[in-house]
Amino acid sequence: MRVHLVNPSDVSFGVGVITPRWLYVLAAATPRSFGDPIVTDETLELLEIDQVRPGDVIGIGIHTSNARRGYELGRMTRERGATVIFGGIHATLYPEECRRLGAAHAVVKGDGDLIWADALVDAGRGTLQPVYEGGRVPASALVSARWDLLPPSSYMWASVQSVRGCPKHCSFCSVWRTDGQETRQRPVDAVIDEIVTLRRMGFRFVALADDNFYPTTLQDLKQASRRQDGERSRRLATLRQERFDLMDRLARLPADMIFFTQITMEAAEDPAFLKAMYRANIKGALVGVESVTEDGLKGIYKDFNPTGDNLTAQLQAFRTAGVHVLGSFIFGLPSDQPGTFAATAELAERAGLTFAQFVPLTPFPGTVDYDRWEKTMSGEMKLVNGVPLTRHWLLPPSQRPKLYLPHPSMSPDEIRQRTQAVWDVFYSLPAIWRRSRCISSLRARLAFVLISKLYRQMYANTGIATDSARSARSVAWARLIAKPCRRLFAAHPMPDLQAPSPAASICA
Ligand code: SF4
């Protein structure tokens, strides 16, 4: 019995931007008695179906966007006599759908780190259960990935997770409901060991693929102290100190390493944290700005973000501290007006963002927004080619509406066109060239232009483009430039690199 692990994708670029970490975590969670799993990431190339033999086990991990392709793979591999097991966020939410449409024999719900081995052992014995409840694995038991199975020269960035869960509760996000609001920080040694393994292999760019790298804010600490909640104060202080301990160890890795993470805006009010990030070579962060208006932020439960001059100042604080920001914005919020698009483009420029993404509001399953939307749709079931609109992920990507939630004053097409226009402005050649001034050498500036264009092709044109010809052109273009781009990220392997030992604690 051989074990396959597949990350489904409708589009393949030949080269991936970030290693899909879950594949290699589950590879590590596969008992050695089953041999090395055969790992396929379809964002590189599609699964060669002939590889799958009767009696093999195939693990397919899905999120909402790739569920349809995952189901197709499930049916095809089951027809070839494989045992099909689904996992991932979408499978956790819709196990029945995996069985009905993906021909699943079993579904693993929640974290697969520990329970995946049980499912495989049962499959081997012929006692496979329909559902395995993985729950939320404690931080100390989260598994380190098997990076030795990574195909060589295929990815630009490696990915390591240092914390799971987010204490916030944004209405468009499923993270706090699936990964929980309790912070689960992995032991620093485990994180550093993985990063050292990756640097030995020649990765110097590493994404800290965390739900929220700054889960404990200064405000949280003040609040706990005001309430004289000693236990909470101590727990928060420990969590904060662990962040500083991790950053201190990162700072002592080879100087050519660069890290990128996801973080809430509140970190801008914490100069000590920003300073530690810079020292740790965390040179970039995705910051969810979402909206430039108070009403917009209130509507999505993200009013801990500032607006106006405070917003500009906070974004600039990252930049001043040496942390580049990829600002993420949502368009199509009920409070958005035609003027919001231009105001957002202007803010992105004024605040000195290095990269930005502008995404349409989409009700993803597992979110508060989705639950509300599904309720409003329960009266008349709107169908698109026979598929209920509330199951939009079952439609072929080309038939999916670009926007789902009705807007009080703008049509979906108007929102789509205005969104596309903001991408065009932000990623115009003169604007990219201006932003590339943050880099000194001409070679690096040219690399910045290439990467900016690649980012735009991979994420904007394939996502919000209306016609399939434009999408296909974008994929072809991205395939073409992805290979030379990857070379820009590669470094010489350092096979003898050792993990830096913990130093005396620095003050948080
Ligand atoms: S959007 Fe970010 S801050 Fe909000 S709940 Fe999700 S992970 Fe947390």
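Modeller: Let's start with a term: a polar contact is a pair of N or O atoms within 3.5 Å, where, inside a protein, one atom must be able to donate a hydrogen and the other to accept it. Keep in mind that we are reading a predicted model. A case here is Thr-362: a polar atom of its side chain lies 3.0 Å from the backbone oxygen of Pro-360.

Biologist: Where is the place of Thr-362?

Modeller: Look in the loop between strand 15 (355–360) and helix 14 (368–376). Buried means under 20% relative accessible area, and Thr-362, at 15%, counts as buried. Skipping residues up to four places away in sequence, Thr-362 touches His-392 and Tyr-404.

Biologist: Which backbone oxygen lies 2.6 Å from a polar atom of the side chain of Arg-184?

Modeller: That of Val-137. Arg-184 sits in strand 10 (residues 184–185), and it counts as buried because its relative accessibility is 9%. Beyond four places in sequence, Arg-184 touches a list of residues including Asp-111, Arg-136, Ser-162 and Asp-179.

Biologist: How do I read phi, then? Which residue takes a positive phi just after helix 8?

Modeller: The general idea first: most residues other than glycine have a negative phi. Here, Gln-228 comes just after helix 8 and has a positive phi of about 55 degrees. Ala-103 also has a positive phi, near 55 degrees. Its place is the loop between helix 4 (95–102) and strand 6 (106–109), and at 15% relative accessibility Ala-103 counts as buried.

Biologist: And what is the phi of Asn-281?

Modeller: About 65 degrees, positive although Asn-281 is not a glycine. You'll find Asn-281 in the loop between helix 10 (271–279) and strand 13 (282–290). With a relative accessible area of 12%, Asn-281 is buried.

Biologist: Is Asp-50 buried or exposed?

Modeller: Exposed means over 50% relative accessible area, so Asp-50, at 62%, counts as exposed. Its place is in the loop between strand 3 (38–41) and strand 4 (57–61). Take the C-alpha atoms of Asp-50 and Ser-140: the two residues are 90 apart in sequence and 39 Å apart in space.

Biologist: How do I read a helix? Which residues of helix 8 are buried?

Modeller: A rule to carry with you: an α-helix has 3.6 residues a turn, so residues three or four places apart point the same way. Now the case: in helix 8 (residues 218–226), the buried residues are Asp-220, Leu-221 and Ala-224. They span an arc of only 100 degrees around the axis, so they lie on the same side of helix 8. Helix 9 (230–251) is part of what covers them.

Biologist: Which residue lies in helix 9?

Modeller: Leu-246 is one of them. It is buried, with a relative accessible area of 2%. Leaving out residues up to four places away, Leu-246 touches Ser-162, Val-188, Val-191, Ile-192 and Phe-213. Its C-alpha is 9.9 Å from that of Met-277, 31 residues apart along the chain.

Biologist: What about a charged residue? Where does Glu-194 lie?

Modeller: In helix 7 (residues 188–201). At 3% relative accessibility, Glu-194 counts as buried. Among its contacts more than four places away in sequence are Arg-21, Ser-144, Trp-147 and Arg-186. Glu-194 and Arg-146, 48 residues apart in sequence, are 8.9 Å apart from C-alpha to C-alpha.

Biologist: How many residues has the largest nonpolar core?

Modeller: For a core, think of buried nonpolar side chains joined through atoms within 4.5 Å. The largest one here has 89 residues, and those with the most contacts inside it are Trp-116, Leu-250, Ile-263 and Leu-315. Another core lies apart from it, with 27 residues, among them Ala-91, Ala-104, Val-387 and Leu-389. As for Ile-263, its contacts beyond four places in sequence include Phe-213, Phe-273, Met-277 and Phe-318.

Biologist: Last one: which residues surround the ligand?

Modeller: Cys-166, Lys-168, Cys-170, Phe-172, Cys-173, Trp-176, Asp-211, Thr-264 and Lys-302. To read such a shell, sort it by chemistry: here it divides into five nonpolar, one polar and three charged residues.

Definitions and conventions. Residues numbered from 1 in each chain as written. Predicted model: local features only at pLDDT ≥ 70, side-chain atom pairs only at ≥ 80, totals over all residues. Heavy atoms only, no water. Buried < 20%, exposed > 50% of the residue type's maximum accessible area, 1.4 Å probe, protein only. Contact = heavy atoms within 4.5 Å. Near = heavy atom within 4 Å. Nonpolar A, V, L, I, M, F, W, Y, C, P; charged D, E, K, R; others polar. Helix = DSSP H or I, 4+ residues; strand = E, 2+ residues; numbered from the N terminus. Arc of directions from axis to C-beta.
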